[in-house]
Structure formats: structure tokens, C-alpha cells
Amino acid sequence: MNTEKIKEMYLKYELQKEDVFRHQHYIILTRSAISKIQAKENIEFDFDIIRSEPNFASVKGYATKGNKTIRTTGSALKGSSFKDGNTNSHYVLEMAEKRCFARATLQLLGLYEIGVKGEDESEDYKKTNN
């Protein structure tokens, strides 16, 4: 994890303490932090629904900044538990879109390379009050 680049990101995007938290292996950005970054960088985002069912959704998204475009996917599966699903939300299409948005933004800006992930990308990344 590149601490200096993470500090630069924090300052560049005027992130606040509540926008960022540490996970066991990563720095996690909240949904609001990713939205702040997207707005500051003037990233355009669009997505297509690949599949939408009551308990599963998959989307393909496109993030563009200038002449650079990233294409990625997001999905969400509502199971009876986390053993057979990857979200506890009944809003699977919205969760798939949020995951895709986070991934596309982070990929476009090269933030994955410095150990940054989006909170919506995995239920394992949710902030705990421990």
C-alpha cells in the first residue's frame, strides 16, 4: 500500500475522516467519497443492464474522463445468507450499479494500484464499529 499516494488522494479530493476507513488489507472509500472523486474528476458514468431478476442483477458500466474510457461490470446476488449470496440488500440492481460505479471510478483513476477499494464492492468492506 502506497501511503504517500493515499495521502495525496485524500488531500486532492478533499476527503474527510468519515469518507475513508482502513480494512484489514485495503483503504476503503465510502460511497460518498467515490461520488466526491467522480465529481471533482468530471467522470461521466453510464451503464447497461445485463440481467435483472428479483434476487440477482448484473450491469456493464462505462466511466469516461477525457479520451479515456473504462468498461467494467457489477453484480449483486441476494441469497438467504452470505454463503449463497454477496449482498444482504433486496435492491440488487441498485447494488450492482453502485459496485460498477465504484469499480469504474477507481480503475479509471488507477486507485486500485495503491490499495484502494470501494465500500460497496463487497459486504466484507462495510465499516464496523469495532
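1. A salt bridge here is a side-chain nitrogen of Lys or Arg within 4 Å of a carboxyl oxygen of Asp or Glu. With that in hand, K12, E41 and K65 turn out to be joined in a network of such bridges. Searching the whole structure gives seven salt bridges.

2. Some ground rules before going on. This is a predicted model, with local features needing pLDDT of at least 70 and side-chain atom pairs counted only at pLDDT 80 or more, while totals for chains, interfaces and linings use all residues. Residues are numbered from 1 along each chain as its sequence is written, and side-chain values use heavy atoms, leaving out hydrogens and water.

3. Back to the network: E41 and K12 bridge with their closest N and O atoms 3.1 Å apart. That pair links distant parts of the chain, 29 residues apart: E41 sits in the loop between helix 2 (31–40) and strand 3 (44–52), K12 in helix 1 (residues 3–12). Helices (H or I, at least four residues) and strands (E, at least two) are DSSP runs, numbered from the N terminus. E41 is buried at 8% relative accessibility, whereas K12 is exposed at 51%. For those words, buried means under 20% relative accessible area, exposed over 50%, and partly exposed in between (1.4 Å probe, protein chains only).

4. K40 has a bridge too, to E14, with closest N and O atoms 3.5 Å apart. Here K40 is in helix 2 and E14 in the loop between helix 1 and strand 1 (20–22), 26 residues apart. K40 is partly exposed at 42%; E14 counts as exposed at 53%.

5. Have a look at R103 and E121 as well, whose side chains meet in a salt bridge (3.4 Å, N to O). R103 lies in helix 3 (residues 92–108) and E121 in the segment after strand 6 (116–118), so the bridge ties together parts 18 residues apart in sequence. R103 is partly exposed at 21%, and E121 is buried at 10%.

6. Now the sheet. Three strands make an open antiparallel sheet in the order 3-4-5. Strand 3 and strand 5 (68–77) are at the edges with a single partner strand each, so one side of each has no neighbour in the sheet. Pairing requires at least two DSSP bridges between two strands; strand 4 (residues 56–65) and strand 5 pair antiparallel over 10 bridges. S58 stands opposite S75 in strand 5.

7. Finally, helix 3 lies across strand 3, strand 4 and strand 5 (contact: heavy atoms within 4.5 Å). Helix 3 runs at about 150 degrees to strand 5, with axes fitted to C-alpha atoms, for helices over the stretch in contact, and angles from 0 to 180 degrees between N-to-C directions.
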